[in-house]
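Me: I would like to go through some labels used for a protein structure. Please give the reason behind each one.

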Amino acid sequence: MKIERREIPISDVEVRTTEGQNTVISGYAARFDKLSVPLWGFREQIRKGAFENSVRNNNVKALWNHNSDIPLGSTKNGTLKLQEDDQGLRFELELPESNWGQFAAEAIRRGDVEGVSFGFQVKKDEWDKSDPKNVIRTLVEVDLIEISPTPFPAYPQTSVGVRSLQEVFEENVKIPPETPQRSLEVLKKRIDLAEKAV
């Protein structure tokens, strides 16, 4: 199965430090029913309930910028708490008292880190291809693996993410034979540039 990653701005993330306690960051790792920016030939939205099984059953990790060598918390030990509400997937992360925990808190507080990303595998999705120029993918259920504070959008910076988006597009969206060659060349060039940036 393919791992995909998505990023949202963290303008609504809070950083709290109480004397004698660890620093806690909280906010949303994903929002429901909001269309993404154009990806590789489609836009995407997340349906409420998509994370329900993962929140209940998975040991989800919090990582720094998708790096499994830098864990910041996990649902198993209670340092990461996840909950679906009407807006999206809300998280509360108690950062470790390590150099990386302090670095993460300061980078977020200063605004150097501007995104929260989540890594997942798709269990169920739906495609609306009624308008070939505005294809919409809806994530109905996903297997959530991790969330990550990250300074960059996840999919241009991660080889897995870039390739997953390209493969998802090619597997689910048939390109009409009458599509101008120039449009196909532009799409291929965008994918090539993204892969070179990895």
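The questions below take up one label at a time.

Reply: The model is predicted. The protein has five helices and ten strands, and buried residues make up 42% of its 198 residues.

Me: What makes the span of helix H2 agree with what a helix should have?

Reply: Helix H2 covers residues 99–110, which is twelve residues. At 1.5 Å a residue they should span 16 Å, and the end C-alpha atoms are 16 Å apart, so the two agree.

Me: Which residues of H2 are buried, and which are exposed?

Reply: Gly-101, Ala-104, Ala-105, Ala-107 and Ile-108 are the buried ones. They cover an arc of only 165° around the axis, so they lie on the same side of H2. Asn-99, Gln-102 and Arg-110 are exposed on the other side.

Me: What do the buried residues of H2 pack against?

Reply: They pack against five strands: E2 (14–16), E3 (24–31), E5 (61–64), E6 (67–74) and E10 (136–150).

Me: Why is Arg-110 called exposed, and Asp-112 partly exposed?

Reply: Exposed means over 50% relative accessible area, buried means under 20%, and partly exposed is in between. Arg-110 has 58%, so Arg-110 is exposed. Asp-112 has 41%, so Asp-112 counts as partly exposed.

Me: Why is the contact of Arg-110 and Asp-112 called a salt bridge?

Reply: The rule asks for a side-chain nitrogen of Lys or Arg within 4 Å of a carboxyl oxygen of Asp or Glu. Between Arg-110 and Asp-112 the N to O distance is 2.7 Å, so the pair meets the rule.

Me: What makes Arg-109 and Glu-106 a salt bridge, and how are they placed in H2?

Reply: Their closest N and O atoms are 3.3 Å apart, and the limit is 4 Å, so the pair counts. The two residues are three apart in helix H2, about one helical turn. An α-helix has 3.6 residues a turn, so residues three or four places apart point the same way. Arg-109 has a relative accessible area of 46% and is partly exposed; Glu-106, at 38%, is also partly exposed.

Me: How do you know that Arg-56 and Glu-52 form a salt bridge?

Reply: The closest N and O atoms are 3.6 Å apart, which is within 4 Å, so the label holds. Both residues lie in helix H1 (residues 52–57), four residues apart.

Me: How many salt bridges does the rule give?

Reply: The count comes to eight. Glu-44, Asp-125 and Arg-137 are linked in a network of salt bridges.

Conventions:
Residues are numbered from 1 along each chain as its sequence is written. This is a predicted model: local features need pLDDT of at least 70, side-chain atom pairs count only at pLDDT 80 or more; totals for chains, interfaces and linings use all residues. Side-chain values use heavy atoms; hydrogens and water are left out. Buried means under 20% relative accessible area, exposed over 50%, partly exposed in between (1.4 Å probe, protein chains only). The expected span of a helix is 1.5 Å times one less than its number of residues. The arc is that of the directions from the helix axis to the C-beta atoms. Contact means heavy atoms within 4.5 Å.
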